[in-house]
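Work through the exercises below with the sequence and the model open. Each task is followed by a solution in steps.

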Amino acid sequence: MPDQYQNFVLARVQLFGRWLRRGVEAIGAMSLFFIEMVMVTATPPWKLRSILYRISFIGFQSLIVIMLTGIFTGMVLALQGYQALSRFGSDAFLGPLVGLSLIRELGPVIAALMVTGRAGSAIAAEIGVMRTGEQIDAIELMGLNPFRYLVSPCLIASLICMPLLVALFDAIGIFGGYLVGVRMLDVSAGTYFGEMVSYVEMSDILGGMYKAISFGVIITWVSCYKGFNSARTSEGVSKATTEAVVISSVLILVWDYFMTLLLF
């Protein structure tokens, strides 16, 4: 009986050790990928045509999703916020509630999650298919750096598009809050916007933009890494795409906590 117990404990320790080793190896591989991604992106030449294509793919093609989620987020936030504030006779502060919540927190996070689901998954799948079709191997055999053609344009496009998408999300969300708060719940329009101007500061806007930029880096980093390291099968591409979305979403929420701790 003691021998069986010792064998059971030893097996569990070995299993935990293998899991821990794989985790450390994955963190190291992702860190090296991130370093190479930043170094290649920071050095010319830059592929302008690829960058413009990625800007269209990540930014322009995400407009409908961002606008829809933005306006309904603002509407729900105003509806819930009004019900809470009216209990204390503070419904005049509905504007600052909607503005600060969107600009500092909900705008960057929800916009990043939407871009992850729409663009990040597609990037991971696209690169994974190229890995399966040995197109990345062909680029390397020609003496070219695949990061220059596949990763760098995505990172530059994300750095450009994410702050713009977040700004659009915030503006549409504030308008959605206006529709509910002013048009439906009879809050004064002057009070809604006047109090918002009084309480929303430039540091709040800049903090939201810093979050947007960092989230863009996370989306590109994880999506490209998973695509580059996907198994050379259709199942492997599917798994890499799913992992890219899940890991990006979790990292966005975790990093959002630390950014909020540092900025606000």
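## Exercise 1: Two helix pairs

H4 passes H6 in a right-handed crossing. The model used here is predicted.

Task: describe the packing of H4 on H6, then that of H6 on H7. At what angle does each pair cross?

Solution.

Step 1. Two packed helices are described by the angle between their axes and the distance between the axes.

Step 2. Helix H4 covers residues 94-132 and helix H6 covers residues 146-184; their axes cross at roughly 145° and come within 7 Å. The contact of H4 with H6 consists of 19 nonpolar residues, five polar ones and one charged one.

Step 3. For H6 and H7, the packing angle is about 140° and the axes are 10 Å apart. The crossing of H6 and H7 is right-handed. H6 contributes Ile174, Gly177, Tyr178 and Val182 to the contact, and H7 contributes Ala189, Tyr192, Phe193 and Met196. By class, the contact of H6 with H7 has seven nonpolar residues, one polar residue and no charged ones.

## Exercise 2: The chain as a whole

Task: state the secondary structure content of the protein chain. How many helices and how many strands are there?

Solution.

Step 1. The protein chain has nine helices and zero strands. Along the sequence the pattern reads α-α-α-α-α-α-α-α-α.

Step 2. The C-alpha trace of the protein chain spans about 65 × 65 × 30 Å along its principal axes.

Step 3. Of the 264 residues in the protein chain, 42% are buried. Among contacts between residues at least 6 apart in sequence, 85% join residues at least 24 apart.

## Exercise 3: The nonpolar core

Task: locate the largest nonpolar core and follow one of its residues. Which helix supplies the largest share of this core?

Solution.

Step 1. The largest nonpolar core has 54 residues, and those with the most contacts inside it are Phe33, Ile58, Val115, Val151, Tyr192 and Phe228.

Step 2. Helices H1 (2-42), H2 (48-58), H3 (63-86), H4, H6, H7 (189-199) and H8 (202-228) each supply at least two residues of this core. The largest share, 15 residues, comes from H6.

Step 3. Leaving aside residues up to four places away in sequence, valine 151 touches Phe33, Met37, Pro146, Thr220, Cys224 and Phe228.

Step 4. Valine 38 is found in helix H1. Valine 38 and valine 151 are 113 residues apart in sequence, and their C-alpha atoms are 9.5 Å apart in space. Valine 38 counts as partly exposed because its relative accessible area is 36%.

## Exercise 4: Two cysteines

Task: account for the disulfide count. Why is the sulfur of cysteine 224 not bonded to that of cysteine 154?

Solution.

Step 1. The structure holds zero disulfides. Cysteine 154 is in no disulfide, and its nearest cysteine sulfur, that of cysteine 224, is 4.5 Å away.

Step 2. A disulfide requires the two sulfur atoms to be within 2.5 Å. The sulfur of cysteine 224 is 4.5 Å from that of cysteine 154, its closest cysteine sulfur, so the separation is too far for a bond.

Step 3. Cysteine 154 is buried, with a relative accessible area of 0%. Cysteine 224 also counts as buried, at 0% relative accessibility.

## Exercise 5: Loop geometry

Task: examine the backbone at three loop positions. Which peptide bond is cis?

Solution.

Step 1. The peptide bond from proline 44 to proline 45 is cis, with omega near 5°. Proline 45 lies in the loop between H1 and H2.

Step 2. Glutamate 134 is not a glycine, yet has a positive phi of about 60°. Glutamate 134 sits in the loop between H4 and helix H5 (135-141).

Step 3. Aspartate 186 is not a glycine either, and has a positive phi of about 65°. Aspartate 186 belongs to the loop between H6 and H7. Aspartate 186 counts as exposed because its relative accessibility is 68%.

## Exercise 6: A threonine in H4

Task: describe the setting of threonine 116. Is threonine 116 buried or exposed?

Solution.

Step 1. Threonine 116 is placed in helix H4.

Step 2. The cut-off for buried is under 20% relative accessible area. Threonine 116 has 1% relative accessibility and therefore counts as buried.

Step 3. Not counting residues up to four places away in sequence, threonine 116 touches Ser121, Ile219, Val245, Ser248, Ser249 and Ile252.

Methods: Residues are numbered from 1 along each chain as its sequence is written. This is a predicted model: local features need pLDDT of at least 70, side-chain atom pairs count only at pLDDT 80 or more; totals for chains, interfaces and linings use all residues. Side-chain values use heavy atoms; hydrogens and water are left out. Axes are lines fitted to C-alpha atoms, for helices over the stretch in contact, and angles run from 0 to 180 degrees between N-to-C directions. Helices (H or I, at least four residues) and strands (E, at least two) are DSSP runs, numbered from the N terminus. A crossing is left-handed if the near helix is turned anticlockwise from the far one by less than a right angle, and right-handed if clockwise. Ala, Val, Leu, Ile, Met, Phe, Trp, Tyr, Cys and Pro count as nonpolar, Asp, Glu, Lys and Arg as charged, and the others, Gly among them, as polar. Buried means under 20% relative accessible area, exposed over 50%, partly exposed in between (1.4 Å probe, protein chains only). A nonpolar core is a set of buried Ala, Val, Leu, Ile, Met, Phe, Trp, Tyr and Cys residues joined through side-chain atoms within 4.5 Å. Contact means heavy atoms within 4.5 Å.
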